[in-house]
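Subject: A structure for you to look through

Dear colleague,

Please find below the structure that I promised to hand over, together with its sequence. Once you have had a first look, read on for notes on what was found in it.

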Amino acid sequence: MDLGIAGRWALVCGASKGLGYGCASALAAEGVHLLINARGAVPLEQAATQLRAVGAQWASAAGKNEPKVVAIACDITTPEGREAVWAAGGGPGRDFDIVLTNAGGPPMGDFRGFTADDWQRAVNANMLTPIELIKAVLDGMAARGYGRILNITSSAVKAPIDILALSNGARSGLTGFIAGLARSEIAAHGVTVNNLLPGKFDTDRLNATFEGAAQKTGKPLQDIRRSQAAQIPARRFGTPAEFGALCAFLCSPQAGYINGQNLLLDGGLYPGTF
């Protein structure tokens with residue numbers, strides 16, 4: 001299925017690995033030009049090389065020029081980091097048709113142990129930074145009549161987890177903001193805004209939580225992985241590639257009537273009807 005997004009420009013945050021890379025790869029496979037961002041320069045450049053190969057495969061099959069991949073290593077949660085991205089892209093907001101916001105989850109723990117600084121960092125990374133990015137690109141998208149904004153949040157927005165207090169709070173704040181924004185006047189200008197809520201995906205972050213659990217309980221790592229997977233109706237963890245496939249579809253014209261939604265990807269783990 002041709003998603004019809006070849007030649008468009010996308011900003012993908014946290015694209016060096018995991019779900020961000022899965023989304024960037026799916027977009028590159030559709031011929032989308034990419035500006036990718038992450039803090040680590042080495043893994044980001046490695047990701048860029050892989051994405052260029054994906055784009056080259058698309059170009060060879062389609063008989064068209066290869067999509068561009070620009071890599072900017074910086075901390076997008078800082079004003080300086082955002083300025084570096086905008087400068088590389090040709091100015092604030094440039095002509096991005098697609099923006100994927102994505103920040104690593106804040107630390108786990110008992111809320112009693114978190115300081116005001118901990119809360120401020122979590123809110124800045126997981127709520128305020130996405131809002132700043134959206135603010136920079138939104139009007140340009142509306143003026144051109146096309147835009148797709150996606151935010152990677154968490155299944156904890158749908159079913160809060162007690163040890164993820166920082167994430168529960170900050171990401172829920174972003175979710176509330178998006179609910180209002182998506183239903184504003186921008187919806188009539190071809191701009192959609194949606195959230196992707198990942199459950200347990202086979203990423204470095206998930207593996208780190210399993211390693212922590214293994215150290216704490218003394219149980220073998222593989223036993224913990226099997227036990228966690230068994231709780232999911234699909235009996236497995238999700239993959240970044242299938243997460244990216246949904247991302248790419250939501251960026252397409254075919255998904256133009258999907259707006260203001262929180263799309264839960266968890267293999268059926270959430271037990272509710274709504």
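A good place to begin is Tyr 146, because the charged end of Arg 148 sits over the ring of this tyrosine, 4.4 Å from its centre, where a charge counts as over a ring if NZ of Lys or CZ of Arg is within 6 Å of the ring centre and within 35 degrees of the ring normal. Arg 8 also lies over the face of Tyr 146, at 3.8 Å from the ring centre.

Before going further, please keep in mind that this is a predicted model, in which local features need pLDDT of at least 70 and side-chain atom pairs count only at pLDDT 80 or more, while totals for chains, interfaces and linings use all residues. Residues are numbered from 1 along each chain as its sequence is written, and side-chain values use heavy atoms, with hydrogens and water left out.

Next comes the sheet. It is an open one, built from 7 strands in the order 3-2-1-4-5-6-7 with parallel pairing; two strands pair if DSSP finds at least two bridges between them, and strands (E, at least two residues) and helices (H or I, at least four) are DSSP runs numbered from the N terminus. Strand 3 (69–73) and strand 7 (262–265) stand at the edges with a single partner strand each, so one side of each is left without a neighbour in the sheet. Neighbouring strands are turned by 15° against each other on average, direction ignored; axes here are lines fitted to C-alpha atoms, for helices over the stretch in contact, and angles run from 0 to 180 degrees between N-to-C directions.

Two helices can be followed as they pack on this sheet, where contact means heavy atoms within 4.5 Å. Helix 3 touches strand 1 (9–13), strand 2 (33–38) and strand 3, and its direction makes about 160° with that of strand 2. Helix 4 (residues 116–144) touches strand 1, strand 4, strand 5 (147–152) and strand 6, and its direction makes about 165° with that of strand 5.

Strand 6 (residues 191–198) deserves a slower look. Strand 6 is joined to strand 7 by 4 bridges, the two running parallel, and Leu 196 has Leu 263 in strand 7 as its bridge partner. With strand 5, strand 6 pairs in the parallel sense over 6 bridges, and Gly 147 has Val 191 in strand 6 as its bridge partner. Of the 8 residues of strand 6, 8 are buried, so this strand is largely enclosed by the rest of the structure; buried means under 20% relative accessible area, exposed over 50%, and partly exposed in between (1.4 Å probe, protein chains only). Val 191, Val 193, Asn 195 and Leu 197 point one way from the strand, whereas Thr 192, Asn 194, Leu 196 and Pro 198 point the other way.

What does the side chain of Asn 151 make a polar contact with? Asn 151 is found in strand 5 and counts as buried at 0% relative accessibility. Its side chain makes a polar contact with the side chain of Asn 195 (3.0 Å), and another, of 2.6 Å, joins the side chains of Asn 151 and Thr 101. A polar contact is a pair of N or O atoms within 3.5 Å; within protein, one must be able to donate a hydrogen and the other to accept it, and residues adjacent in sequence count only if both atoms are side-chain atoms.

Finally, a search of the whole structure finds 4 aromatic pairs. Rings of Phe, Tyr and Trp (its six-membered ring) pair if their centres lie within 6.5 Å, and planes under 30 degrees apart count as stacked, over 60 as edge-to-face and the rest as tilted. The rings of Trp 86 and Phe 96 have their centres 6.3 Å apart and their planes at 55°, so this pair is tilted. Trp 86 lies in helix 3 (residues 79–89) and Phe 96 in the loop between helix 3 and strand 4 (98–101), so the pair ties together parts that are 10 residues apart in sequence. Trp 86 counts as buried at 6% relative accessibility, and Phe 96 is buried too, at 0%. Phe 210 and Phe 237 form another tilted pair, 5.5 Å centre to centre with 40° between the planes, and both of these residues are buried.

With best wishes
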